[in-house]
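Me: Please take a close look at a single part of this structure and describe it in one connected answer. I am in my first year, so please explain each term when it comes up.

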Amino acid sequence: MVGSVSMLKSSVLWLLLGVSLFFASVVSGAQYMEIPQNECVVQFSQGYVNWSTGMVCATGKVVPADRKKADSPDFILSAARGAARHNLVDILKQLNIHAGQSVGALAASDDHILAGIEKNVMDAKLIKQSYTSNRSIEVVLETSMFGGFLQLVLPEEIKSIPTLEIIKSPASSRKNQLEYTGLIIDASAIGFDPVLYPVVISELGEEIYNSLFISREFAVQQGVCRYLCRMDSAEIAKWVGDNPIRVKGLRKGGDGNSSIVISKSDADKIEKIRERHRFMKACQVIILVSQ
């Protein structure tokens with residue numbers, strides 16, 4: 001298998017080398033991309049990551065160096081798509097997973113993961129295509145970090161959790177209280193940067209939301225959480241229901257600042273919620289961050 005991965009890398013390298021003989025330049029800037037304004041977007045030179053939707057976009061542009069040699073629009077388009085796929089992989093490799101580990105570092109330690117990421121990117125959707133007078137072609141490709149990509153890079157410690165039966169408390173204190181349907185963590189004031197696997201802990205170090213509560217199938221399908229930059233977003237009810245519990249982040253913590261620290265009083269409130277196991281298992285968690 002390792003040999004086949006090495007052959008794949010060699011083939012891609014020779015393809016890129018061949019393309020470079022036909023084109024004067026391969027441009028990877030994102031200056032022509034339309035960036036969503038009301039969502040949590042992190043820009044890169046080649047494109048951007050939308051942490052609110054889980055979509056990753058990248059550009060690819062090629063400029064013919066010789067009109068006689070590069071006279072096929074299909075060939076130019078194929079090269080532009082190849083450049084965009086390369087940029088998508090580069091962006092995905094820059095994402096942080098947890099505790100300071102990037103996707104790129106993980107992929108560098110395992111050729112199977114790198115090959116899997118490249119395979120997922122091959123199915124990226126073409127969302128924009130434009131031509132210029134000098135016969136150059138620019139394309140924008142879009143892929144999702146959900147599904148196969150997260151299956152590859154999420155830590156193995158996040159496992160599937162069987163269905164749990166929540167036993168209702170006989171206490172009268174919650175007799176007429178609606179069950180909580182999700183969790184919203186306001187981290188907008190602490191400068192928290194989105195990561196693929198955020199962890200929530202109390203100021204005493206107690207684990208409030210981590211792999212013990214998360215079921216892998218939900219984390220892979222929709223992400224460990226959903227990042228939003230606006231509290232009035234229509235996405236809130238969609239992801240955490242009509243009655244989420246809301247807490248505030250005190251500060252960043254953990255290796256790589258990939259954990260959010262909340263107060264002991266907020267942690268105690270969450271731990272008293274019996275149904276928290278249900279909504280945490282399904283990753284019904286929103287983290288509010290600054291744009």
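The answer below starts with a pair of rings and then follows the strands around it.

Reply: This is a predicted model, in which local features need pLDDT of at least 70 and side-chain atom pairs count only at pLDDT 80 or more, while totals for chains, interfaces and linings use all residues. Residues are numbered from 1 along each chain as its sequence is written, and side-chain values use heavy atoms, with hydrogens and water left out.

The protein chain has 9 helices and 15 strands, which are DSSP runs numbered from the N terminus (helices are H or I with at least four residues, strands E with at least two). Of its 291 residues, 47% count as buried, a word that stands for under 20% relative accessible area, with exposed meaning over 50% and partly exposed lying in between (1.4 Å probe, protein chains only).

The part chosen here is built around the 1 aromatic pair that the structure holds. The ring centres of tryptophan 51 and tyrosine 227 are 5.6 Å apart and the ring planes stand at 80 degrees, so this pair is edge-to-face. For such pairs, the rings of Phe, Tyr and Trp (its six-membered ring) must have centres within 6.5 Å, and planes under 30 degrees apart count as stacked, over 60 as edge-to-face and the rest as tilted.

Where do tryptophan 51 and tyrosine 227 lie? Tryptophan 51 belongs to the loop between β3 (47–50) and β4 (55–64), whereas tyrosine 227 is in strand β12 (residues 226–228), so the pair ties together parts that are 176 residues apart in sequence. Both partners are covered: tryptophan 51 is buried with a relative accessible area of 7%, and tyrosine 227 is buried at 2%.

Consider the tryptophan side of the pair in more detail. Strands β3 and β4 run antiparallel and are joined by 4 bridges, where two strands count as paired if DSSP finds at least two bridges between them. One of these links has asparagine 50 with methionine 55 of β4 as its bridge partner. Together β3 and β4 form a hairpin with 4 residues between them, and glycine 54 in the turn has a positive phi of about 80 degrees. Strand β4 is mostly covered, since 9 of its 10 residues are buried. Strand β4 also runs antiparallel to strand β8 (residues 137–144), to which 8 bridges join it, and threonine 59 has valine 140 in β8 as its bridge partner.

On the other side of β3 in the sequence comes the loop between β2 (41–43) and β3, which holds phenylalanine 44. Phenylalanine 44 is buried, with a relative accessible area of 17%, and its C-alpha atom is separated by 9.5 Å from that of glutamine 94, although these residues are 50 apart along the chain.

Now turn to the tyrosine side. In strand β12, which covers residues 226–228, arginine 226 has its charged end over the ring of tryptophan 239, 3.7 Å from the ring centre. A charge sits over a ring if NZ of Lys or CZ of Arg is within 6 Å of the ring centre and within 35 degrees of the ring normal.

What is the order of the 7 strands that form an open sheet? The order is β11-β10-β14-β13-β9-β15-β12, and the pairing is mixed. Strands β11 (207–209) and β12 stand at the edges, each with a single partner strand, so one side of each is left without a neighbour in the sheet. Further inside that order, strand β9 (residues 182–186) and β15 pair in the parallel sense over 4 bridges, with isoleucine 184 opposite isoleucine 286 in β15.

A residue just ahead of β15 also deserves a look: cysteine 283 is in the loop between α9 (276–281) and β15 (285–288). Cysteine 283 has a positive phi of about 55 degrees although it is not a glycine, and cysteine 283 is buried, with a relative accessible area of 4%.

To return to the starting point, the rings of tryptophan 51 and tyrosine 227 tie the loop after β3 to strand β12, and β12 is itself an edge strand of the open sheet.
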